[in-house]
Amino acid sequence: MSPVLKTVQTTLSLNKLSSSNYPRKEKKLLQHGSCSFPINNVQLSFRGGFEVVSNVNRSHKEKTCLYDEGELEALPHVQTLREFPREELVAKVVMVRFDSTILLGEKLDLSSQSASKALYTIKYLHECGAKVILMSEWSRKINPKLLDAQAVADILSSVLQLNVIALRCISCKSPLRREDLQKADIFLLENLSEYKEEVANCSKFAELLSSEVDILVNDSFCQSHKVLASTVGVARFCYASMAGFSFEENLHQLKKIAKTKKKPYLAVIGGGNLKRNAAALQFLASRCDALVFVGQMSFQIMRALGHSIPTNLVERDAHKAALDIVQFAHDKNVLMSYPKDFWCTNQHLPTELEVFPAHGVSASWLPVDLGPRSLEEIYSLVTNSKAYPFEIDWSVAYHDASLPLVVDIGSGNGLFIMGMAQNRKDLNFLGLEINGKILYWFKCNNDIPFHCLQLPRRIGSCFSSVSKPGF
């Protein structure tokens, strides 16, 4: 069964999944995000591949899980900076949790929408007369120039064309004072990744961060699924919290993509913590034609399918959730895939890299990225496959699938092939038509029974006319 994935333009919506329950050394593994999108002109930013899972037998009972369009509308309203009155920002101290991967990358593209929105959040607050305190986490992996807070402040000053002052209040455990804010209009706190209290959502740490702060603006969409002191914790000490322009744009794209009607619809899933993200995965399985696992969660899926994996990659208490997802996807006829090989590093020889098959990673080796075979297959899946990703059950389409088949290519409104089917009960008829609107019109305006299957535009649409009346 080879999937069909058509190439056209699309927007990707990324949502990085957490791997917080893995040991630190395992967190290196495939730090890809998760994205779901209609398969249209996809630019793959990762190397990877997968194995197709077409059949799975599980005896456990499937969870009852229903999803519909109403769930998207039922999401709680997120207050945005755009909606907040400008006059309420004057002379206020506003803390901005920004996305370092957008603003501090080694190759910052100021013309990109993500960068322009993130910068506009800061400039907008400054123009409204607010004192702005910036905070984020950063690593020299994204930019070797990120040596310390002062270096980051210099980079932000250059990008914003505004003076950004680095503050040392976290390391000194000294609450910010109002007089400290008279030195400039924009400030930067120290690197949050250096403090374990951040990921622990420590209340005292959050209170220290938010000293003298009136309003919190969260503009780091990729961290929004985590419970952090700089987001959830700080919000408790501010009288108003809202999303910045970059966050708002990402949320808009996420909702837009989740409601898309384009087919086929593929979700590429990275990160870890499958148990915590089980509901999101079942939601994707209810809407997508394929789930492609490329991160740490792929090991839990492999284990649920009966493959052995290294014990250090087993997620605690996630096996039942993985079984449920596999069964749910199978029952929904959703293609599931996982990597075939990995680049691995040796724990005793960290500079050595070697490719291992997904089911044969030795105990002393740690997967750090998808292997070349995996890359080739995912790329082939997205760009070159030409078959619909589901097996067609012809026994459902036809009363007797063993009868000779007559194929009409370019069936138009289907009147001709339907007329033939009425007269020749000894044959099965299959019509192929690229224009799905014609089929929809025909279905709505005729009482003649027929089976319709909408295929990607590269393949076209098809309908089968059956010989048995009343089908």
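## E106 and its loop

Helices here are DSSP runs of H or I that are at least four residues long, and they are numbered from the N terminus. On that count, E106 falls in the loop that links α2 (100-103) to α3 (113-127). Keep in mind that this is a predicted model.

Is E106 buried or exposed? Its relative accessibility is 55%, and the cut-off for exposed is over 50%, so E106 counts as exposed. It still has company from further along the chain: setting aside neighbours within four places in sequence, E106 touches I142, N143 and P144. R140 is worth a look too, since E106 and R140 are 34 residues apart in sequence, with 9.4 Å between their C-alpha atoms.

## Two helices that cross

Follow the chain on from that loop and you reach α3 (113-127). This helix packs against α8 (residues 245-258), with the two axes 7 Å apart and an angle of about 140 degrees between them. Roughly antiparallel would take an angle over 145 degrees, so α3 and α8 count as oblique to each other.

Which residues of α3 meet α8? On the α3 side they are Q113, S114, K117, A118, Y120, T121 and Y124, and on the α8 side F245, S246 and E249. Sorted by class, this contact is a mix of 4 nonpolar, 4 polar and 2 charged residues. A general point helps when reading the α3 list: an α-helix has 3.6 residues a turn, so residues three or four places apart point the same way.

## A covered helix

Next up is α9, which spans residues 278-287. How many of its 10 residues are buried? The count is 7, so this helix is mostly covered. The buried ones are A278, L281, Q282, F283, L284, A285 and R287. That list includes R287 and Q282 alongside L281 and F283.

## A sheet built around β13

There is also an open sheet of 3 strands, in the order β14-β13-β15 and with antiparallel pairing. The edges are β14 (353-357) and β15 (365-370), each of which pairs on one side only. Ignoring direction, neighbouring strands in this sheet are turned by 45 degrees against each other on average.

Strand β13 (residues 341-346) runs antiparallel to β14, and 5 bridges join them. These two strands make a hairpin, with 6 residues in between, and F342 sits opposite F356 of β14. The pairing of β13 with β15 is antiparallel as well and also has 5 bridges; there, N346 stands opposite W365 of β15. Why is β13 largely enclosed by the rest of the structure? Because 5 of its 6 residues are buried.

## How far to trust it

Average pLDDT for the chain is 76, and 73% of the residues score at least 70. Two stretches deserve some care. Residues 1-74 stay under 50 in pLDDT, though the model gives them 242 contacts beyond four places in sequence. Residues 454-471 are also below 50, with 81 contacts in the model beyond near neighbours in sequence.

Conventions. Residues are numbered from 1 along each chain as its sequence is written. This is a predicted model: local features need pLDDT of at least 70, side-chain atom pairs count only at pLDDT 80 or more; totals for chains, interfaces and linings use all residues. Side-chain values use heavy atoms; hydrogens and water are left out. Buried means under 20% relative accessible area, exposed over 50%, partly exposed in between (1.4 Å probe, protein chains only). Contact means heavy atoms within 4.5 Å. Two strands pair if DSSP finds at least two bridges between them. Axes are lines fitted to C-alpha atoms, for helices over the stretch in contact, and angles run from 0 to 180 degrees between N-to-C directions. pLDDT is the predictor's confidence in each residue, from 0 to 100. Angles under 35 degrees count as roughly parallel, over 145 as roughly antiparallel, 65 to 115 as roughly perpendicular and the rest as oblique. Ala, Val, Leu, Ile, Met, Phe, Trp, Tyr, Cys and Pro count as nonpolar, Asp, Glu, Lys and Arg as charged, and the others, Gly among them, as polar.
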